[in-house]
Amino acid sequence: MTSPLLRGFLQRAGLPADARLEDVVRAVQRIRYGRPRDRSPEGVLSEWTGTCSTKHALLATLVRERWPEHDPRLVHRVYRVDRELARRRYGSVPAAAVPEEGLTDVHRYLLLRRDGRDVVIDVTFPGDAPWDGRTDMPMACGPGQDHPAGPDPDAEKAVLEAAHCDPAVREPFIAALSRMP
C-alpha cells in the first residue's frame with residue numbers, strides 16, 4: 001500500500017506505479033526551483049515548486065517509503081558564496097544579488113546508501129545533470145561544513161541559518177535563484 005503522497009507524486013510526475021528510484025530522483029529534480037507557500041513535501045507536490053530544503057524533504061520521504069534500504073539522510077551544508085561562484089554556478093541574476101563581500105548560505109542535500117556506500121543526491125535545480133543511479137551528483141553549492149540532519153531537519157536548518165546567515169543578504173539571493181530559467 002502506498003501513501004497518498006507517493007501516489008500523488010507518481011501521478012503528477014507521470015511515472016508508473018513501479019517507477020525506479022532513478023526515475024523518482026530525476027522527477028523531483030525537474031520540479032521548478034522556488035519557495036512553495038507550504039514549505040513541506042505536500043506543498044512541493046501541490047505547487048510543483050520547491051527549494052533545496054523542500055525538494056530534498058520530499059525525496060527523502062518518498063525514498064523512505066518506497067526504498068527504505070537506501071537509508072535516506074538529509075544533510076545541511078554551511079557554505080560561502082561569492083559573486084564569481086554565483087556567476088559560474090547560477091548565472092548573472094543570482095550573482096548580482098551577492099554582496100561584494102559574499103554571503104553565507106545553508107544548503108540541504110540527501111545521502112542515499114547505494115552499493116554499500118553513501119551517494120550524494122542533489123536535486124535542487126532542474127537544469128543540473130540527472131543522476132546516473134550510481135555516482136554522486138554534483139552539488140548545487142560550494143564546499144563547506146556538513147551537518148547531518150536529525151529528527152527535525154527544518155528546525156535544525158533554521159538554527160544553522162540563524163547562526164551563520166544574514167537574512168537581509170540571504171533572502172535577495174534566494175529570490176534571485178528563483179528567477180533562474
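**Exercise 1. Burial and surface**

Find what percentage of the residues in this predicted model is buried, and state how much area the protein exposes.

*Solution.* Begin with the cut-off, by which a residue is called buried when its relative accessible area is under 20%. By that rule, buried residues make up 50% of the 181 residues in the protein. Turning next to the outside, the protein exposes about 8,800 Å², and 53% of this area is supplied by carbon and sulfur atoms.

**Exercise 2. Overall form**

Work out whether the radius of gyration of the protein agrees or disagrees with that of a compact globule, and describe the order of its elements.

*Solution.* First take the expected value: a compact globule with 181 residues would have a radius of gyration near 16 Å, and because the protein has 16 Å, the two agree. Then consider the extent of the C-alpha trace, which spans about 50 × 30 × 30 Å along its principal axes. Next count the elements, which are eight helices and six strands, and follow them from the N terminus on, where they run α-α-β-α-β-α-β-α-α-β-β-β-α-α. Finally, look at the contacts between residues at least 6 apart in sequence, of which 65% join residues at least 24 apart.

**Exercise 3. The largest pocket**

Determine which elements and which kinds of residue line the largest pocket.

*Solution.* Start with the volume of the largest pocket, which is about 330 Å³. The lining holds 20 residues, and those closest to the centre of the pocket are Arg35, Arg39, Lys157, Glu161 and Arg170. Two or more lining residues come from each of helix H4 (52-66), helix H7 (153-164) and helix H8 (167-178), with H7 giving the largest share, five residues. Sorting the lining by kind gives eight nonpolar, three polar and nine charged residues.

**Exercise 4. Two positive phi angles**

Locate Trp48 and Asp71 in the chain, and say what is noteworthy about the backbone of Trp48 and of Asp71.

*Solution.* The step to recall is that most residues other than glycine have a negative phi. Trp48, which is not a glycine, nevertheless has a positive phi of about 55°, and this residue lies in the loop between helix H3 (41-47) and strand S2 (49-50). Asp71 is likewise not a glycine and has a positive phi of about 45°; its place is the loop between H4 and strand S3 (73-81). To complete the picture of Asp71, note that its relative accessible area is 37%, so Asp71 counts as partly exposed.

Methods: Residues are numbered from 1 along each chain as its sequence is written. This is a predicted model: local features need pLDDT of at least 70, side-chain atom pairs count only at pLDDT 80 or more; totals for chains, interfaces and linings use all residues. Side-chain values use heavy atoms; hydrogens and water are left out. On a 1 Å grid over the protein atoms alone, a cavity is a set of points where a 1.4 Å probe fits but cannot get out, and a pocket is an open set with protein on both sides within 12 Å along at least five of seven lines; lining residues have an atom within 4 Å of a point. Grid points are joined across faces, edges and corners, and a volume is the space filled by probe spheres set on the points. Helices (H or I, at least four residues) and strands (E, at least two) are DSSP runs, numbered from the N terminus. Ala, Val, Leu, Ile, Met, Phe, Trp, Tyr, Cys and Pro count as nonpolar, Asp, Glu, Lys and Arg as charged, and the others, Gly among them, as polar. The radius of gyration is taken over C-alpha atoms; the globule rule is 2.2 Å times the number of residues to the power 0.38. Buried means under 20% relative accessible area, exposed over 50%, partly exposed in between (1.4 Å probe, protein chains only). Contact means heavy atoms within 4.5 Å. Accessible areas come from the Shrake-Rupley method with a 1.4 Å probe; for residues, only the protein chains shown count as cover.
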